[in-house]
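Trainee: I am new to this structure and should like to understand the terms applied to it. May I put some questions to you?
Mentor: Certainly; please look at it here.

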Amino acid sequence: MPYRAHAAPGFKKLGLLTVSDIGKHQLLEFMYKYTTGLLPDTFRDYFTLNSKVHCYGTRQAKNYHFYSVATSVRKYSINISGPKLWNTLPSEIKCASSLSVFKHLVKSWLLNSYI
């Protein structure tokens, strides 16, 4: 690549994720494991669906609920950033048949966001 070229096309060409996208990938993997019940019972009530928060039907009922926060430290916690990122995923990725398929789909989805 040329000296001052942007790195995103090179990452996409090589099929590599950036450091921040590796973090997103791992966070989404955690959320998938939570959704499918692959995590220990300690995490059973860690997240809340919107359908449990509202007593009426909404379009976002199947998404996870996240609360507004006052500090940036709390904003980056898994309780807030996990549901926010999970809710942005397309439904065909959320409904992956297995963890390995999910990982592959998420990596492709993240790579397609590069320029």
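Trainee: What makes the pair E29 and K103 a salt bridge?
Mentor: A salt bridge is defined as a side-chain nitrogen of Lys or Arg within 4 Å of a carboxyl oxygen of Asp or Glu. The closest N and O atoms of E29 and K103 are 3.6 Å apart, so the pair satisfies that definition. E29 lies in helix α2 and K103 in helix α7, so the salt bridge ties together parts that are 74 residues apart in sequence.

Trainee: On what kind of model do these values rest?
Mentor: This is a predicted model, in which local features need pLDDT of at least 70 and side-chain atom pairs count only at pLDDT 80 or more, while totals for chains, interfaces and linings use all residues. Residues are numbered from 1 along each chain as its sequence is written, and side-chain values use heavy atoms, with hydrogens and water left out.

Trainee: Why is E29 called buried?
Mentor: Buried means under 20% relative accessible area, exposed means over 50%, and partly exposed lies in between (1.4 Å probe, protein chains only). E29 has a relative accessibility of 16%, and therefore counts as buried.

Trainee: Why is K103 called partly exposed?
Mentor: Its relative accessibility is 31%, so K103 counts as partly exposed.

Trainee: Which residues are joined with E29 into one network?
Mentor: Salt bridges that share partners join E29, K33 and K103. The side chains of K33 and E29 meet at 3.4 Å, N to O. Both residues lie in helix α2, 4 residues apart, about one turn of the helix. K33 is partly exposed, because its relative accessible area is 25%.

Trainee: How many salt bridges does the structure hold?
Mentor: The structure holds 3 salt bridges. One of them joins the side chains of D21 and K24, at 3.7 Å, N to O. D21 and K24 are 3 residues apart in helix α2, so about one helical turn separates them.

Trainee: Is D21 buried or exposed?
Mentor: D21 is buried, because its relative accessible area is 5%. K24, with a relative accessible area of 35%, is partly exposed.

Trainee: What does D21 touch?
Mentor: Contact means heavy atoms within 4.5 Å. Not counting residues up to four places away in sequence, D21 touches L110 and Y114.

Trainee: How do you know that the span of helix α2 agrees with what is expected?
Mentor: Helices (H or I, at least four residues) and strands (E, at least two) are DSSP runs, numbered from the N terminus. The expected span of a helix is 1.5 Å times one less than its number of residues. Helix α2 has 18 residues (19-36) and should span 26 Å; its end C-alpha atoms are 26 Å apart, which agrees.

Trainee: What covers the buried residues of α2?
Mentor: The cover includes β2 (64-65), α5 (78-88), α6 (91-94) and α7. Among the buried residues of α2 are H25, L28 and F30.

Trainee: Why is H104 called exposed?
Mentor: H104 has a relative accessible area of 55%, and is therefore exposed. This residue lies in helix α7 (residues 99-112).
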